[in-house]
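Thanks for making the time this morning. I would like to walk you through one structure, starting with its contacts and then going through its strands, its core and one loop residue.

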Amino acid sequence: MTIQERIWVPDEEWMALSSETTVRCRMTEGKTHIRCPNTAVAQFRRGYRLISWWAYCADHLYGRRFNNGVVESLRWPLP
Ligand SMILES: [Zn+2]
């Protein structure tokens, strides 16, 4: 058995925001729900019938990374 390395692939559920955006990250932290002060870099499509976009900064992409204007997530390559 060989150990496969995970690869970064573009995540189609996420859309990069313009670098000129002023949208703030919507992450809140702790019991006091202090809002993250960072400007969002990308937004996540949430919902199916009623689609809304949730924007997050590079620190709050849930394990994804923001690379060259694309949000990428780690995947196991298909055999
Ligand atoms: Zn944030």
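Let me begin with the contacts in the protein chain: among those between residues at least 6 apart in sequence, 54% join residues at least 24 apart, where two residues count as in contact if their C-beta atoms, placed from the backbone, lie within 7 Å.

Before going further, I should say that this is a predicted model, in which local features need pLDDT of at least 70 and side-chain atom pairs count only at pLDDT 80 or more, while totals for chains, interfaces and linings use all residues. Residues are numbered from 1 along each chain as its sequence is written. The pLDDT, which is the predictor's confidence in each residue from 0 to 100, averages 91 over the protein chain, and 96% of the residues score at least 70. Among the elements, β3 has the lowest mean pLDDT, at 88, and β7 the highest, at 95.

As for the overall make-up, the protein chain has zero helices and eight strands, with helices (H or I, at least four residues) and strands (E, at least two) taken as DSSP runs and numbered from the N terminus. The radius of gyration, taken over C-alpha atoms, is 15 Å, well over the 12 Å that the globule rule gives for 79 residues, so the chain is more spread out than a compact globule; that rule is 2.2 Å times the number of residues to the power 0.38. Along the principal axes, the C-alpha atoms fill a box of roughly 45 × 30 × 30 Å.

Now to the sheets, where two strands pair if DSSP finds at least two bridges between them. One open sheet has three strands in the order β1-β8-β7, with antiparallel pairing. Because β1 (7-10) and β7 (65-67) stand at the edges, each with a single partner strand, one side of each is left without a neighbour in the sheet. Four bridges join β1 to β8, and Val 9 has Ser 73 in β8 as its bridge partner. On the other side, three bridges join β7 to β8, residues 70-75; here Arg 65 is the bridge partner of Glu 72, and Asn 67 stands opposite Val 70. β7 and β8 form a hairpin with two residues between them, and Asn 68 in the turn has a positive phi of about 50°.

Another open sheet also has three strands, in the order β2-β5-β6, and again the pairing is antiparallel. Here β2 and strand β5 (residues 42-46) pair over three bridges, with Trp 14 facing its bridge partner Phe 44 in β5.

Trp 14 also appears in the largest nonpolar core, which has nine residues, among them Cys 25, Ala 42, Tyr 56 and Val 71. Such a core is a set of buried Ala, Val, Leu, Ile, Met, Phe, Trp, Tyr and Cys residues joined through C-beta atoms within 7 Å. Leaving aside residues up to four places away in sequence, Cys 25 touches several others, including Cys 36, Asn 38, Cys 57 and His 60.

Is Ser 19, finally, buried or exposed? Ser 19 is exposed, with 8 other C-beta atoms within 10 Å, given that 12 or fewer counts as exposed, 20 or more as buried, and anything in between as partly exposed. Ser 19 lies in the loop between β2 (14-16) and β3 (28-29), and its C-alpha atom is separated by 9.6 Å from that of Ala 42, 23 residues apart along the chain.
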